[in-house]
Amino acid sequence: MSKFKKKKGGDLPAISTASLPDIVFMLLFFFMVATVMRDSTLMVVNTLPAADQVQKLDKKDRVMYIYAGKPSDRYQEKYGTQPKIQLNDKFATVQDVGAFVLAERASKRQELQNVLTTALKVDGETNMGLISDIKQELRKVNALKINYTTRNGDYTQNLR
Amino acid sequence: MAKRSAPEVNAGSMADIAFLLLIFFLVTTTIETDSGLNRKLPPMEDVVDPPIIKQRNIFTVVVNKNNDLLVEEKPMQISELRAAAVAFLDNGGGKGEDACNFCQGARDASSSDNPDKAVISLKNDRETDYKVYIAVQNELVAAYNELRNREFARLNPNVGLSYVDADRKYSDPRTSPSEKEALKPKLDAVKALFPQKLSEAEPSKTN
């Protein structure tokens, strides 16, 4: 018997997967840091229009969000296809906007109550009538700072 | 005696656990959009005595229900709107105390006196699409920004920022207070030259 066995040729050594957890953890941390938890589930279609002259929105605690658009597919059976307003987690009518703003304002700290911005996240396909009604309601409760939230992009995308 | 070593913990399943977490975060992530066009609504109380504005100082933009644009009673494409608004704001046709010494426009007597007097009036129909409305708003803001950039560069030749960049820096919470202090008078000076006077009329009804 020979002491030196001939090594078996041809077999590739297995690739070490020891660094796989490290890579996955790296990705994991990236997503953990980048994640913002949405505080309300969207019940409307919300494809924002594009604009390029945008300004950054204020800090998150100074903003209240009003969503509007067509109800998403699974709500269409119940609520129809006409654009609707969503406040927090439920559909609302135009008349509810004022009360919503007052409630939001009351829930903020005293020093922030006068610097609140209302962010309108409205689907691009919505008619302006609904938005004008919202704006009218906002004027009634003196919430005058608004922000039309948009995607960043060229305006020509809106015209297609 | 044989050396006893602690048995190694099997870390093979660590990757599985990490993957599980990773997929959870991937699914729950929504990249929030947090930028847009800032606007200020007019207060509700009725103005008792509305100021009289000369017709030549008003730039009327109407968007109808078919999303067509009517600018100063003439149909126009959105792509031409920015240049038209710039020409109107920068016209500087005023004489005497209304004269505008920094305007570079055509000085047409039938257009605006000076940027301080010039008002853009935007009117839309109830059936106008929101995205078209945003496109129009965007172009009008772009016209203001273009002129403000020009004046900012003229007044502060060695800052190396445009007005838009400076404004973004000013509103960035990471900018130090001393830098903000330095930027504020510069921004205010340009804002005073080209104040954003964009009036949104209540929409007309179709029927």
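In this predicted model, Phe152(B) touches Ser162(B), Tyr163(B), Ala166(B) and Val190(B), leaving aside residues up to four places away in sequence. Phe152(B) sits in helix H3 of chain B. With 26 other C-beta atoms within 10 Å, Phe152(B) counts as buried, because the cut-off for that label is 20 or more. Phe25(B) is a long way off by either count: 127 residues from Phe152(B) in sequence, and 44 Å in space, C-alpha to C-alpha.

Helix H3 of chain B, residues 130–155, also turns up in the largest nonpolar core, giving the most to it with twelve residues. That core has 54 residues, and those with the most contacts inside it come from both chains: Ile66(A) and Leu120(A), plus Ala85(B), Leu89(B), Tyr133(B), Val136(B) and Leu140(B). Take Leu140(B): outside a window of four places in sequence, Leu140(B) touches Ala85(B), Ile120(B), Leu122(B) and Leu198(B).

As for the interface, 45 residues of chain B are in contact with 47 residues of chain A. On the chain B side, helix H1 (14–28), strand S1 (35–40), H3 and helix H4 (163–171) each supply at least two residues. H3(B) again gives the most, here with eleven residues. By character, this side of chain B splits into 21 nonpolar, twelve polar and twelve charged residues.

The two chains share strand pairing as well. Strand S7 of chain A (residues 145–149) and S1(B) run antiparallel to each other and pair over five bridges. One such bridge partners Asn147(A) with Asn38(B) in S1(B).

Terms used
Residues numbered from 1 in each chain as written. Chains lettered and ligands numbered in written order. Predicted model: local features only at pLDDT ≥ 70, side-chain atom pairs only at ≥ 80, totals over all residues. Core = buried A, V, L, I, M, F, W, Y, C linked by C-beta atoms within 7 Å. Buried ≥ 20, exposed ≤ 12 C-beta atoms within 10 Å, placed from the backbone. Helix = DSSP H or I, 4+ residues; strand = E, 2+ residues; numbered from the N terminus. Contact = placed C-beta atoms within 7 Å. Nonpolar A, V, L, I, M, F, W, Y, C, P; charged D, E, K, R; others polar. Pairing = 2+ DSSP bridges.
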